[in-house]
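Biologist: Hi! Could you walk me through this one while I have it open on my screen?

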Amino acid sequence: MAINLDITEAPTRETRLGSITGYSGTLKDLVARTGCGASIKNGDRTFSQASSCSSGCAQTLLAGIVDAAVVNHAPIGCAGDTVYHNIANQYGRFYREWGNKNIQLVNTNMEEQDTVFGGTEKLREGIREAFRRFAPKAIFVTTSCASGIIGDDIKGVISELTDEVPVPVIQVSCEGFRSKVWASGFDAAFHAILTGIVKPPVRKRPELVNMVNFRGSARAYIARLFGELGLVPRFVVPFATVEELATVSEAAVTATVCTTLGSYFGTALEENYGVPYVKAIPPHGVAGIEAWLRGIGAAVGKESEVEALIDKERAATDADLAELRRRFKGKRAVLGMGPSYAQSYLGVLEELGIEVLHAASWHYDPRYDYGEQPPAIVRAASRENDITFSVGDQQLYEITNTLSRLKPDLYFSRHPGSSVWAAKLGITAVPVIDEYTAFGHRGLVNFGWRIVDALTNRNFVTKLADRVKLPYSGWWYGQDPYAFLDQEAV
Amino acid sequence: MAGVIEQIRNVCALGALQSVVAIERAIPIIHAGPGCGQKLWSGLSNGNGFQGAGYVGGHSVPCTNATEQEVVFGGEEKLRETVANTLKVMDGDLFVILTGCTSDIVGDDVGEVARSFRSSGAPVVYVETGGFKGDNYFGHELLWDALIDQFLEPAGKAEPGLVNLFSVLPYQDPYWTGTLHTIAGLLRSIGLIPNVIYGPGEGVASLRKVPKAQFNLLLSPWVGLKTVQRLEEKFGTPYLHYPTLPIGATETGKFLRAVGVQAGIPSETVEEAIRREEARYYYYVERSADLLFETRFLPGHFVTVADSFYALGLTKFLINDLGLIPEVQFVTEAVPEQYRPLIDAEFARFDEGLVSPVHYGADGGTVRDELARRTFRERPLILGSSWDRVTARKLNGYPLSVAMPVSDRLVLSRTYAGYEGALRLTEDIYSVILSSFQ
């Protein structure tokens, strides 16, 4: 079903894609159950730990737009994540040599009386203040559980202020309780950008690639790769300007480092403006980068240039890769990441010669908006050996139990607040914080050497694990890790 | 009606969950939407001195992760199920249900859920901390109301010398652990037995001891006044309210003398402890005097942007001990109207007859505008949060992050309280100045 840009809110991933947060079984089983014509029912939990919500994912993108402002219509706690967003903002600005500046966000500080009489007056003040303080080119209004439940008329307030605030003011529907899949917040942000910022193309830019990512640490690397193909990357959304976002429709192609992040935006640009979206597996590791570059090459008619580039990159990294595989012989790992990374890192670790015992995915999209299963999981499931696979919204009690049973040499994770628990168990934990970790041939090799370092000196983790206790009862370690997951028989 | 807030300096009432995390072997159970725990932990702990998850923080906190189902049909059953399974899975001695906006707006009867577990012998208490009710200072006091009403038991006879220490907010103050440890050391130095509830120590066991104290010490401008008053009503425990966080010789001496009087400790004992500490302290202060009087590297007027604990405590030290001149101080938490005169009075009575203007409010934009319209003749010293570093640079000032969010420093056991803390603060301030050009 095509993405509908005529409505205010992007439907949640559960509604649109049948996405799930509860499953325990195997990789091949999951792929079979979510293949063409099949459907899977989400498994509910009778015990759970703090997850994350859509609003955090929406704000992390929108607060990064350099000349926009965010009005977070919520009690003050909903802006708790803005501290981290500002750290990421300062970090990104520093590496771009842009100078020191804080994110442009105000919280409307909803209080008890607002939940009784409505919070629209606060919202009006928030929009006015954001406009006065930052002179932004656009204002995004992010909603919250409180504003959603009391039913504040966001649209009404925005339309009243049209004359007074002469820039686009756009509603971003990201109430936490609406979706268990925090990535629904990415879609909420992209939906707002697509409906309120993106303009039809005035001209076509055959060299321009929309590069959908988070912080963009690999800008130089990507500029070099694309340069050899005669292409120029434009990194979105964080650190882009409103004008750059307005003209994404003029690009030759859209690519992404994370298909969980970029698929909604890429698909919408393809459907509405004919900008092809590269539907390849994510660009991590050899198979990833090669499929991804070929996808870009095919979209812009640069197939032979891509092959020449691939040969060059391979030649530069083959020897290192062989050495890394030798060192990792016999090493076993568990991984826990968002779906795009969980899927692509199955390939990455295979290329490094590390055996994956179990993979946990923080949610799972049975298909993307363009109608197909995620290609990376289809590829991973085509291997001969099956592995156990679970889906959970970062449920650490399940992960901890699984790790204490499997006792892997390594735990690879993504998302703050997950890898430290493996370290407390004495397992070498390698967090994949930067989205470009293991990106491309050279990134794969760098990642491999980072793992070598982590395995070379285990003093910190072993000594830590000897002295700390995790917060679980002895009883829990004797139970099946998915004992509280209520699902159809696997 | 409070205005909008740019650059948060605290979180909502549900932030009290971090006060539970600070009590060893106490386990919070969040009954709220899926993002509350992550956002509050991220703001108060991870982005604030990188304080970590600890025993049961971050994503390990049990949570109902409420969805549309619980919002439309009520969340009591989901909560009951989550608490029942928490008691099986998690290893703790006290379980505190904290509610968020979803539950408080739809009106779940959380009290009934908690009572049903308590009646079967499980140590489960509840507190309704919907984010719209107030900030986390307010939430922290609500938590204590709940602990007093639902958990603490009368102790019979008071234990002589035992003092409960109530002061800075765990996690909100990135220096809380070191600060409580230091204050406890000061109390020990005059022969008292401090009962420190938060941080490394006895955790829930010290909480249970609260009703046995000889008196409660509230070291805070206003936060916790309600708590010690309730403890007095319920257990008959008297309290000493000392409003200023003691930093440096002047205030720490006054503090120890006040505590000595309350505790009935002979003044010779207190004076001896002060003499001993001051001798050591002034050995280092004397060493610092050469830098302070014989170099060009000095700050101009100072500004603090912090909660009332630190705005007041730092200002007293900087004026009364370090001899600096105040420009304006910003108090960032929501101070209830009735306590403002008390704080205003403190800001109007420094040594040498000095006073400092004080400004109330959490909005960073107001701080920025207020500072932009002032004239600084020398490079100002700006003790605030990491947000304020941007403003400090614009003003060509010297920034030092002391208040939430402190995202540019790792904080472990550091404190600015007492004698040792004042030396640390002096080192930190002048290190910022000296490293600014080399």
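Modeller: Happy to! Let's begin inside chain B: 24 residues of its domain 2 are in contact with 29 residues of its domain 3.

Biologist: Nice. Which elements give two or more residues to the domain 2 side of that contact?

Modeller: They are helix H8 (176–189) and helix H11 (249–263) of chain B. H8(B) brings the largest share of the side of domain 2 that touches domain 3, six residues.

Biologist: And how do the residues on that side divide into nonpolar, polar and charged?

Modeller: On the side of domain 2 of chain B that touches domain 3, 12 are nonpolar, 10 are polar and two are charged.

Biologist: Let me back up a bit. Where do the domains of chain B start and end?

Modeller: The domain assignment gives domain 1 as 13–150, domain 2 as 162–267 and domain 3 as 296–435. Taken over C-alpha atoms, the centres of domain 2 and domain 3 of chain B are 24 Å apart.

Biologist: What does UniProt list for chain B?

Modeller: An unreviewed UniProt entry lists "domain: Nitrogenase/oxidoreductase component" for residues 13–433 of chain B. Over those residues the chain is 46% helix and 13% strand, and the C-alpha atoms at the two ends lie 37 Å apart.

Biologist: Okay, what confidence scores come with it?

Modeller: Keep in mind that this is a predicted model. Chain B has a mean pLDDT of 97, and 100% of its residues reach 70 or more. The model also scores ipTM 0.97 and pTM 0.97.

Biologist: New topic: how many residues does each chain put into the contact between A and B?

Modeller: Chain B gives 63 residues and chain A gives 60 residues. Several elements of chain B supply at least two residues each, among them strand E2 (26–31), helix H4 (76–89) and helix H16 (388–394).

Biologist: Which element of chain B has the largest share there?

Modeller: That is H2(B), with eight residues of the side that touches chain A. You can find helix H2 of chain B at 36–46. The residues of chain B on this side divide into 28 nonpolar, 25 polar and 10 charged.

Biologist: What about strands? In which sense do strand E4 of chain A and E1(B) pair?

Modeller: They pair in the antiparallel sense, over two bridges. Strand E4 of chain A covers residues 105–107, and strand E1 of chain B covers 5–6.

Biologist: And which residue stands opposite B:Ile5?

Modeller: A:Asn107 does, with B:Ile5 sitting in E1(B).

Conventions: Residues numbered from 1 in each chain as written. Chains lettered and ligands numbered in written order. Predicted model: local features only at pLDDT ≥ 70, side-chain atom pairs only at ≥ 80, totals over all residues. pLDDT = per-residue confidence, 0-100. UniProt positions renumbered as here; feature names shortened; annotations may be inferred. Helix = DSSP H or I, 4+ residues; strand = E, 2+ residues; numbered from the N terminus. Domains from an automatic or database assignment. Contact = placed C-beta atoms within 7 Å. Nonpolar A, V, L, I, M, F, W, Y, C, P; charged D, E, K, R; others polar. Pairing = 2+ DSSP bridges.
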